[in-house]
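Dear colleague,

Please find below the structure that I agreed to pass on to you. My notes on what was found in it follow directly after.

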Amino acid sequence: MKKRLTLVITLIALISLLTAACSSGNQTNESHEGGSNEKVKLTIWHNFAGDDLRAKAVRGLIDEYKKANPNVELDAQAIPVDGYRQRLSTVAAGNEMPDVFFVYAGSQSQEFYDAGLLQPITPLAEEYPEWKGNFMDGAFDRFEFEEGQIYSAPIGLSATSFLYYNKDLFEKHGVKVPTTWTELMAAVKTFNDNGITPIALGNKAPWVAQSTILGSLADRVTGTDWFLKAVKGEASFTDPVFVDALGKFKELVDNKAFQEGANSIDNTQAEQYFIQGNAAMMVSGAWTLTNLAASATPEQVAPIEVTTMPAIEGGAGEAGTISGGAGGGFALSKKTEGAAKDAALDLIYSISGPDGQKAIAESNSMVMYKMDLASSNVSPLYLKAFNVAMEAGITPVYDAYLSAEAGESINNGLQEIMMGGKPEDVAKKLQDAQARSTQK
Amino acid sequence: MPTYLRSRSFVALALLPAMLIFIVFAIVPIIWSAYYGFFDWSGLGSLKFIGLDNYEMMLQDPIFWRALKNNLILVASAIIGQVPIALLLALLLLKNSMFNRVIRSAVFMPMVLSTVVVGLIWGYIYQPQIGLLNTVLEMLGLDSWIRAWLSDPKVNMYAVSIPINWANIGPYLVIFIAALQNISSEVNDAAKIDGAVGFRKLFYVTLPNIWDTVIVTIILCISGSLKAFDHVIVMTGGGPAQSTELLATYMYNNSFTVYRYGYGSAVSTMIILISALLIGLNYIITKRRG
Amino acid sequence: MLPTTNTRAAAADPRPQPWKKPLGLLLKLALFLYAAFTLYPLYWLIISAFKSNQDFFNRPFGLPAGWQFSNISRAWELGDMGRAMMNSTIVTIASVVLTVVLGTLAAYALSRFAFRASGLVKGLFLLGMLIPIHSTLVPLFIFMNKIGMLDTYWSLILPYTAFELSIAIFLNIAYMQSIPREVEEAAMIDGNGWWGVFGRIIFPLCLPVIATVTILAFLRFWNDFSFALVFINSQALKTLPLSLSLFSDGFGTDYALTMGAMFIAVIPTIVIYLIFQEQIMKGMVAGSVKG
């Protein structure tokens, strides 16, 4: 019943938007009919190219829009993730952006904004205030480049630091699921003594440790406010409090919390290592849910539970939080004007609007849009994680706030610590890189 | 003189199409890219001319020097690995027997496969827990040799260079076989009459006859090793902590990941300069020997 | 045994060598092992292409627990590989033909005629071998966008050719150095012009090296990802490498489909290699008759 109602409301909204689009494109003396029959050409680029449920859901939404808008000649390009960044950077250098394109939250959208390639999608928020109000706190943090203007609406919650654990292994070795740092270190020791890897980590792509572990670990030590200050240059990453946070990471490394060679195996391999019962825990993002759904047997998934990272005694940050943030959304090119702009906004709303969010959430993929998923057909582990994310406070992911160069620096720095590097040096390099980019 | 004129117009016509395509689609873009190297440019928005600052920054960046060192390891391993092994195999497999044909095809196969497959399989060979190499070492009782081959910075660059060499032997083998066949039978017969066999024949007859090809392969080794990119991206991504960074991966990261396009362009110009320098050196050395 | 004794000359070697046989066998064994070592990845690709994702991770070196032929058909369908293969074939063949014809012709001009600028021209082509292609992406994109060439087959064919010409030219020059000039002089006396000499004598004589260039160029064009990614827009013109990377999303990879797709893509390259390898050998026979 409720579903049907939202559908009706959305339809009415869509129709009103369409008529609005027509009338606004009709300021000249042309007849009304002439305006609505005019073909509008539109291009959209995204990286939902694969065979996973989420990619299919997004492509489905675009197809629906195509069907519902025969007057729009839509050229939709699905570009493989591996090449998406490079492709977009190249066309951006040539100032040839498509009308609508998927951008990652963080340095990529920031760079595009700085280069004057984007225009706000605020008209949508004005038209659908209820929709905008339904997003979780912080959803627009990285898309609000100017006060009161939003440049994209996230279609994903990138929750990056769930603590997944294998309940059977914890029971078998009589280990308590850690809620504090001390308990975590005790668990690490017990598992090591029993020849089980405490935490599976696949840090070959070096963003993994940063995104999954450091974000929530450092937040617990430094608190969120300090981090946001440091990003702006009002605090320094060389402050003792951050060096301490890196020290916590080093403590994990020194106590052999991760398996040997974690820097040379990828995230997928680490997930497999964990799911095969070789490791007791894994700190990873919501994407692990998607991957496991595709490549693990139900028996392998059965003992897996999900919670938040343990609290750190004496830290300035809150416990029970997970790091996360807007996972990216669709943005509008500055060059798109007139009828094409109206159609483009309409297209963005078709994907990022309430129905779109629901469709994406039901593809076992997290969104930053409030809704009730209990009755939906999603996997139980996903539902568990979704509820954990709903209850937990969300703290910033480092690379969503740092400049691209500083992000690279801390990614490499964590690998360095895993190879015996000193937290002080890593902190210094991070500070230098961030300072260089804020000076500009 | 009509023949002179005719040959001149022939040369012009024979060179023109190749030159045209080459200059427009390879030389102009690289000059263009070198030009970007003088700017502070994120790749988006406005450019700021900074003269040689990018080069200065590059020379002060320890990662640049590490990448260069890693590239030189690849160059060395290619010249002392790929070329002699390929030449040896070419000499052994020259005769067109069934056995040789099968082996020749086999040696070429890594080249046919995409680098992703090569990277994946070697990833499994080097895998720290279930990897083939560590398993074998354990069986042989060489437990002290066991290590995380791709993440231990003391060995990982060497570990990475083995698959690269292994995968690249194929093309050199084919090049050498084509060249060896071109040694006319008279030369071989003359050598036989002179009693030149074995190493003597190799050094006094075979090598001088294919010397131009050897030089080309060494040039290919140098330029190929300095441009090396794909295998490393798949196997280590240049990590951990940039320990297997190469000039090309360093350039790529700067250009497309951290929005320092101008700097990345300067690095790519540097790659060309270094290659040219090494090839010049090679030219001087081989000229004397040849 | 020394390497060269295995060449044609060895057959007539009069000296008795009792140690030759066991040593030869040992050598064969070593070669065989080395070949197995180089063939293994292909074998691994094939078995992996028929595994489920679980199977791929649980037993990376074992045979498939159940042969999943659906990987191939699903990859074919999802990656739109039929069309991609068609496009790759068109682009690759056109580029290879251009590279071979223009490269051989230019090499001939450079190796046989002494003219003032020849050193400069060779130097320029040498420069082509040193260019890291990623640095040309942005300039080429901007340039081809200006002249409206983007999103056509030409946007791949011409850059591919440009970047492969250098290798083609240098391999050809090196090869032509050892073709005796008398052959051409005789042909000239027979009344052939330069074009005739090139078409009737040089090109056929160069077939082994042309086959070599063809193999190398084919592989490069067939597997190129960067240019294909950036210069082609329309779905209808996409080439194969883009289909191969569809099943990886940065957080995880669907290896069953990826391997299936790679298996499909590798078949033409193997066929081409086998055909042209034969060509190298045939050239040998032809060459020895004429030379």
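**Strand 7 of chain A and its partners**

Strand 7 of chain A and strand 9 (residues 279-284) of chain A run antiparallel and are joined by four bridges. Strands, like helices, are DSSP runs numbered from the N terminus, with at least two residues (E) for a strand and at least four (H or I) for a helix. Two strands are said to pair if DSSP finds at least two bridges between them. Please note that this is a predicted model, in which local features need pLDDT of at least 70 and side-chain atom pairs count only at pLDDT 80 or more, while totals for chains, interfaces and linings use all residues. Residues are numbered from 1 along each chain as its sequence is written, and chains are lettered from A and ligands numbered from 1 in the order in which they are written.

Within the pairing of strand 7 with strand 9 of chain A, A:Tyr165 stands opposite A:Met281. Strand 7 of chain A is also joined by four bridges to strand 10 (residues 304-307) of chain A, again in the antiparallel sense. There, A:Leu163 stands opposite A:Thr307.

Is strand 7 of chain A largely enclosed or open? Five of its five residues (162-166) are buried, so strand 7 of chain A is largely enclosed by the rest of the structure. A residue counts as buried if 20 or more other C-beta atoms lie within 10 Å of its own, as exposed if 12 or fewer do, and as partly exposed in between, with C-beta atoms placed from the backbone. In a regular strand the side chains alternate between the two faces of the sheet. Both faces of strand 7 of chain A are covered, with A:Phe162, A:Tyr164 and A:Asn166 buried on one side and A:Leu163 and A:Tyr165 buried on the other.

**A three-stranded sheet and helix 10 of chain A**

Chain A also holds an open sheet of three strands in the order 6-11-13, with mixed pairing. Its edge strands, each pairing on one side only, are strand 6 (157-159) and strand 13 (394-395) of chain A. Strand 6 of chain A pairs with strand 11 (residues 322-326) of chain A over three bridges, in the antiparallel sense. A:Ser158 has A:Gly325 in strand 11 of chain A as its bridge partner. Helix 10 (residues 207-222) of chain A packs on this sheet and touches strand 11 and strand 13 of chain A, its direction making about 115° with that of strand 11 of chain A. Here, axes are lines fitted to C-alpha atoms, for helices over the stretch in contact, and angles run from 0 to 180 degrees between N-to-C directions.

Helix 10 of chain A also packs against helix 11 (residues 224-232) of chain A, at an angle of about 105° and with the axes 7 Å apart. The two helices of chain A, 10 and 11, are therefore roughly perpendicular; angles of 65 to 115 degrees count as such, those under 35 as roughly parallel, those over 145 as roughly antiparallel, and the rest as oblique. In this packing, A:Ala218, A:Asp219 and A:Thr222 of helix 10 meet A:Thr224, A:Trp226 and A:Phe227 of helix 11. Residues are in contact if their C-beta atoms, placed from the backbone, lie within 7 Å.

**Chain B**

Chain B has 13 helices and two strands. Its C-alpha atoms fill a box of roughly 75 × 65 × 30 Å along the principal axes. Of the 290 residues in chain B, 53% are buried.

One position may serve as an example. B:Ala196 lies in the loop between helix 8 (185-193) and helix 9 (198-209) of chain B. B:Ala196 is partly exposed, having 19 other C-beta atoms within 10 Å. Apart from neighbours within four places in sequence, B:Ala196 is in contact with B:Ala191, B:Lys201, B:Tyr204 and B:Val205.

**Chain C**

Chain C has 14 helices and zero strands, and 50% of its 291 residues are buried. Among its contacts with a separation of 6 or more, 76% join residues 24 or more positions apart. Residues 123-144 of chain C are 73% helix and 0% strand, with end C-alpha atoms 26 Å apart. Over residues 156-176 of chain C, the chain is 100% helix and 0% strand, and the end C-alpha atoms are 29 Å apart.

With kind regards

Key: Contact = placed C-beta atoms within 7 Å.
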